[in-house]
Amino acid sequence: MSSEKLCWLDIRSAGKARQAIVEEALHQRIDGIVAADPADLEGLPPTVTKVLMPPAGKQPASYGSAGVVILAGDASARARAAEAAPDVEFGRLVEITDAESLDAAIEAARTERWSVLEFRDPTKIPLEIVIAAAADADGAIITMAKNTEEAAVIFGCLQLGSDGVLMPGRSVGDATALKATAAGGTGELLLVELEVTAVAHIGMGERACVDTCSYLGKDEGILVGSHSKGMILCVSETHPLPYMPTRPFRVNAGAIHSYTLADEGRTRYLSELRAGSKVMAVDTKGRTRTVAVGRIKIETRPLISIDAVAAGGQEVNLILQDDWHVRVLGPGDAVLNSTELRPGDRVLGHLPTADRHVGYPIDEFCHEQ
């Protein structure tokens with residue numbers, strides 16, 4: 001199993017849009033282009049893996065420029081093909097429909113360089129079994145997906161996920177969507193140290209707790225701020241409290257007007273998050289992942305305003321529930337009670353560079369205060 005997720009785009013049903021779909025795939029650095037006819041792979045640059053996957057039971061007269069050939073059937077046929085074409089890598093296509101074909105998929109995942117798996121039923125339990133059984137294998141498991149929604153589930157199975165996804169490219173945009181799904185909204189953000197300049201109790205207001213569908217780490221939370229260009233890292237409730245159990249899925253995030261980072265590079269108001277929304281979890285190293293929201297709890301509580309400033313002079317504000325158990329993160333994974341912050345203390349934050357319109361970054365004049 002590999003941590004680098006592969007994206008293969010299937011152009012076998014692309015039709016008249018094939019050329020435009022291939023051009024987009026190359027621009028997006030799709031890992032593999034899959035075709036049934038060797039002629040459709042001719043002219044592709046060496047930056048992409050040329051994958052030939054002929055119809056079941058049909059052996060092409062030539063593999064053309066294909067670097068990988070995926071064949072169904074028994075091992076002897078692939079062995080004969082590999083002997084005749086030593087410069088080509090061969091893999092096995094397995095359709096999983098029952099216990100017997102599941103065993104065949106496990107064998108392929110353990111022994112083949114490439115295993116392309118097609119699951120007839122929508123349940124992902126068989127895929128989980130294959131991934132678990134082949135966790136130490138050297139080959140790559142490529143699982144077929146109908147769309148990006150299914151691809152996202154496949155990439156996340158057992159947290160390891162399939163090594164790659166093979167998805168049809170039927171229209172322009174599919175390659176871009178598949179690459180974005182493989183990334184899963186993950187990556188890294190630049191976190192900076194902010195110096196607290198003022199703390200003030202501002203009275204009552206509504207604050208939101210963001211309850212996610214994931215366990216969050218002790219050094220992980222979400223970025224929240226009153227302004228779209230400056231946010232502070234609010235830690236999850238994974239650290240012990242004297243009067244209540246830990247809730248490692250929750251971030252007591254701030255007043256309802258606050259921004260947080262979501263998927264697709266957007267910001268969202270805490271007030272507009274719902275069950276099923278996506279937010280970006282961030283740790284103190286700046287590593288990110290997209291997590292699903294299970295619930296938003298909005299309640300009236302006393303509020304505290306925290307002002308901070310970046311080294312370059314950019315001002316940041318965060319309004320939180322006025323209670324010492326609401327915490328933010330500082331340098332060195334420090335967990336800081338918000339009501340104990342004083343001018344001169346240092347917290348971690350992020351400074352997005354773009355202004356926002358309905359949550360999307362846009363290059364225009366926008367002053368926030």
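The following dialogue asks how descriptive terms are applied to the structure above.

Student: What kind of model is this, and how are its residues numbered?
Tutor: This is a predicted model, in which local features need pLDDT of at least 70 and side-chain atom pairs count only at pLDDT 80 or more, while totals for chains, interfaces and linings use all residues. Residues are numbered from 1 along each chain as its sequence is written, and side-chain values use heavy atoms, with hydrogens and water left out.

Student: What makes Ala108 buried, and Asp136 exposed?
Tutor: Buried means under 20% relative accessible area, exposed means over 50%, and partly exposed lies in between, with a 1.4 Å probe and protein chains only. Ala108 has 0% relative accessibility, so it counts as buried, whereas Asp136 has a relative accessible area of 77% and is therefore exposed. Over the protein, 48% of the 369 residues count as buried.

Student: Where do these two residues lie?
Tutor: Ala108 is in helix H3, and Asp136 is in the loop between H4 and strand E7 (140–144); helices (H or I, at least four residues) and strands (E, at least two) are DSSP runs, numbered from the N terminus. By that convention the protein has six helices and 23 strands.

Student: Which residues does Ala108 touch, and what counts as touching?
Tutor: Contact means heavy atoms within 4.5 Å. Not counting residues up to four places away in sequence, Ala108 touches Arg92, Val94 and Ser115. Its C-alpha atom is separated by 16 Å from that of Val68, 40 residues apart along the chain.

Student: Why is Asp333 called partly exposed, and Arg29 exposed?
Tutor: Asp333 has 34% relative accessibility, which is why it counts as partly exposed, and Arg29, at 64%, counts as exposed because its value falls in the upper class. Each has a positive phi without being a glycine: about 60 degrees for Arg29 and near 65 degrees for Asp333. Arg29 lies in the loop between helix H1 (18–27) and E2, and Asp333 in the loop between strand E19 (327–330) and strand E20 (334–337).

Student: What makes a set of residues a nonpolar core, and how many residues has the largest one?
Tutor: A nonpolar core is a set of buried Ala, Val, Leu, Ile, Met, Phe, Trp, Tyr and Cys residues joined through side-chain atoms within 4.5 Å. The largest has 47 residues, and Ile33 and Leu178 have the most contacts inside it. Helix H3 (residues 99–111) gives the most to this core, with six residues. Apart from it lies another core, of 29 residues, among them Ala208, Ile296, Ile306 and Ala310. In soluble globular proteins, nonpolar side chains tend to be buried together.

Student: Which residues are in contact with Ile33?
Tutor: Leaving aside neighbours within four places in sequence, the partners of Ile33 include Leu9, Ile11, Ala25, Leu41 and Val51.

Student: How do you know that E1 and E2 pair?
Tutor: Two strands pair if DSSP finds at least two bridges between them. Strand E1 (residues 6–10) and strand E2 (residues 32–35) have three bridges, in the parallel sense, and therefore meet that condition. E1 also pairs in the parallel sense with strand E8 (residues 164–168), over five bridges. Trp8 has Gly32 as its bridge partner in E2 and Leu166 as its bridge partner in E8. These pairings belong to a closed barrel of eight strands, which runs E1-E2-E3-E4-E5-E6-E7-E8 with parallel pairing.

Student: What makes E1 mostly covered?
Tutor: Four of the five residues of E1 are buried.

Student: What makes the crossing of H3 and H4 right-handed, and at what angle do the axes cross?
Tutor: A crossing is right-handed if the near helix is turned clockwise from the far one by less than a right angle, and left-handed if anticlockwise. H3 passes H4 in a right-handed crossing, and the axes of H3 and helix H4 (residues 125–133) come within 9 Å and cross at roughly 35 degrees. Axes here are lines fitted to C-alpha atoms, for helices over the stretch in contact, and angles run from 0 to 180 degrees between N-to-C directions. Leu102, Ala105, Ile106, Ala109 and Arg110 in H3 meet Pro126, Ile129, Val130 and Ala133 in H4.
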